[in-house]
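Here are a few short exercises to work through with the model open beside you. Try each task on your own, then compare with the solution.

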Amino acid sequence: MYMKTREEEVIFLKRLWNKEPTPCPKCGYEFLEFLHKKAKKSSTEWKCPHCGEIFRTINMLMDLPEK
Ligand SMILES: [Zn+2]
């Protein structure tokens, strides 16, 4: 998890899926970009251009703790 709570993590995931500008939770850089810029089909994988962290939203969803 990148956020402190499950709720915050879900909000973070939803922002990415909605393609909203989302700051990097690791370094605070102002927005993440698609990992595969040319692949129109996939908006599930994101990368921070500043620190290089990769966010695979499907994995993050699977790793969410149970309520
Ligand atoms: Zn970053």
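Does Cys27 count as buried or exposed?

**Solution.** This is a predicted model, in which local features need pLDDT of at least 70, side-chain atom pairs count only at pLDDT 80 or more, and totals for chains, interfaces and linings use all residues. Residues are numbered from 1 along each chain as its sequence is written. Start with the cut-offs: a residue is buried if 20 or more other C-beta atoms lie within 10 Å of its own, exposed if 12 or fewer, and partly exposed in between, with C-beta atoms placed from the backbone. Cys27 counts as exposed because it has 11 C-beta neighbours inside 10 Å. Its place is in the loop between helix 1 and strand 1.

**Exercise 2.** Find which residues Cys27 touches, not counting residues up to four places away in sequence.

**Solution.** Two residues are in contact if their C-beta atoms, placed from the backbone, lie within 7 Å. By that test Cys27 touches Cys48, His50 and Cys51. Now take His50: 23 residues separate it from Cys27 in sequence, while their C-alpha atoms are 7.7 Å apart in space.

**Exercise 3.** Work out the pattern of helices and strands along the sequence.

**Solution.** Helices (H or I, at least four residues) and strands (E, at least two) are DSSP runs, numbered from the N terminus. There are 2 helices and 3 strands, and they follow the pattern α-β-β-β-α. Next, check helix 1, which covers residues 6–17. The expected span of a helix is 1.5 Å times one less than its number of residues. For the 12 residues of helix 1 this gives 16 Å, and the end C-alpha atoms are 16 Å apart, so the two agree.

**Exercise 4.** Describe how the strands are arranged in the sheet.

**Solution.** Two strands pair if DSSP finds at least two bridges between them. The 3 strands form an open sheet in the order 1-2-3, with antiparallel pairing. Strand 1 (33–34) and strand 3 (54–56) are the edge strands, each pairing on one side only. Looking at strands 1 and 2, you will find 2 bridges joining them. Phe34 stands opposite Trp46 in strand 2.

**Exercise 5.** Which residues make up the largest nonpolar core?

**Solution.** A nonpolar core is a set of buried Ala, Val, Leu, Ile, Met, Phe, Trp, Tyr and Cys residues joined through C-beta atoms within 7 Å. The largest has 5 residues: Cys24, Leu32, Trp46, Cys48 and Phe55. Take Trp46 as a test: it counts as buried because it has 21 C-beta neighbours inside 10 Å. Leaving aside neighbours within four places in sequence, its contacts include Leu32 and Phe55. With the neighbours of Leu32 left aside in that way, the contacts of Leu32 include Cys24, Trp46, Cys48 and Phe55. Over the whole protein, 12% of the 67 residues count as buried.

**Exercise 6.** What is notable about the phi of Lys19?

**Solution.** Begin with the background: most residues other than glycine have a negative phi. Lys19 has a positive phi, near 60°. This lysine follows helix 1, and Lys19 is found in the loop that leads on to strand 1. Finally, count its surroundings: with 10 other C-beta atoms within 10 Å, Lys19 is exposed.
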